[in-house]
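Trainee: I would like a close look at a single part of this model, the sheet, and at what surrounds it. Please take it slowly and explain each term as it comes up.

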Amino acid sequence: NRLAMASFPSLGRVLARRFVRASKPGLRSSFQRRNSTVFGQILEGKIPATIVHEDDKCIAFEDAHPQAPVHILVIPRKHIKGVSEAEEEDKDVLGHLLLTAKDVAKSQNLEKGYRLVINDGSDGAQSVYHLHVHVLGGRQMTWPPG
């Protein structure tokens, strides 16, 4: 970085700003936040996953710690931390996630029914801060959950 700052002063300032942003929680770019989650690493191919659906807006893969005989996660390619962080511009992606979850359930032969779950925030038991829809099925679900 010193060479960059000496040779290209404006580049050095950009690199310095990126370093400061990356080192302060809450100021990271969307790309950096996505990379810091396990789902971001799955999207980048750094962590293997059993992918059951893939398109330009989302992917769906088997949960590593299934809570039902069928437990698939549907995640957007765009990093959205959670539903509470979604913006008006995300409405097409949000709708696409639900339609994809329906298609995934059908492909998994969940014709008797299934449950869709979206956890949001710490009280909502969100464990990975990259929006995801759980598709759970293959057994009778109980109510109330958790």
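In what order do the strands form the sheet, and is the pairing parallel or antiparallel?

Mentor: Before the sheet itself, a word on how to read the model. This is a predicted model, in which local features need pLDDT of at least 70 and side-chain atom pairs count only at pLDDT 80 or more, whereas totals for chains, interfaces and linings use all residues. Residues are numbered from 1 along each chain as its sequence is written, and side-chain values use heavy atoms, with hydrogens and water left out. The average pLDDT (the predictor's confidence in each residue, from 0 to 100) is 82 for the chain, and 75% of the residues score at least 70. Over residues 1–34, however, pLDDT stays under 50, and the model has 24 contacts (heavy atoms within 4.5 Å) beyond four places in sequence for that stretch.

Now to your question. The sheet is open and is formed by five strands in the order β1-β2-β3-β5-β4, with antiparallel pairing. Here strands (E, at least two residues) and helices (H or I, at least four residues) are DSSP runs numbered from the N terminus, and two strands count as paired if DSSP finds at least two bridges between them. In general, the strands of a sheet pair through backbone hydrogen bonds, either parallel or antiparallel. At the edges are β1 (51–54) and β4 (114–117), each of which pairs on one side only. From one strand to the next, the twist averages 20 degrees; the axes behind such angles are lines fitted to C-alpha atoms, for helices over the stretch in contact, and the angles run from 0 to 180 degrees between N-to-C directions.

Along the sequence, the elements follow the pattern α-α-α-α-β-β-β-α-β-β, which comes to five helices and five strands.

The strand to dwell on is β3, residues 70–76, which pairs with β5 (residues 133–137) in the antiparallel sense over five bridges. With β2, strand β3 also pairs in the antiparallel sense over five bridges. Ile-72 shows both partnerships, since Glu-62 stands opposite Ile-72, while in β5 the bridge partner of Ile-72 is Val-135. Next along β3, Leu-73 stands opposite His-134 in β5.

Burial (under 20% relative accessible area counts as buried, over 50% as exposed and in between as partly exposed, with a 1.4 Å probe and protein chains only) sets the scene for this strand. Seven of the seven residues of β3 are buried, so the strand is largely enclosed by the rest of the structure. Val-70, Ile-72, Val-74 and Pro-76 point one way from β3, His-71, Leu-73 and Ile-75 point the other way, and all of them are buried. For the chain as a whole, 32% of the 146 residues count as buried.

Across the sheet lies helix α5 (residues 91–107), which crosses β1, β2 (58–62), β3, β4 and β5 and runs at about 155 degrees to β3.

The side chains bring these elements together. The largest nonpolar core, meaning a set of buried Ala, Val, Leu, Ile, Met, Phe, Trp, Tyr and Cys residues joined through side-chain atoms within 4.5 Å, has 15 residues, and those with the most contacts inside it are Ile-72, Val-74, Leu-97 and Val-135. Two or more residues of this core come from each of β2, β3, α5 and β5, and α5 gives the most, with five residues. Apart from this core lies another one, of eight residues, among them Leu-43, Phe-61, Leu-73 and Val-128. Leaving out residues up to four places away in sequence, Ile-72 touches several others, including Val-52, Ala-60, Val-104, Val-133 and Val-135.

Two residues in the loops that flank β4 deserve a glance. In the loop between α5 and β4, Asn-109 has a phi near 60 degrees, a positive value in a residue other than glycine, and Asn-109 is exposed, with a relative accessible area of 54%. Ala-125, in the loop between β4 and β5, likewise is not a glycine and has a positive phi, of about 65 degrees, and at 54% relative accessibility Ala-125 counts as exposed.

Finally, Pro-144 lies in the segment after β5, and the peptide bond that joins Trp-143 and Pro-144 is cis, with omega about 0 degrees.
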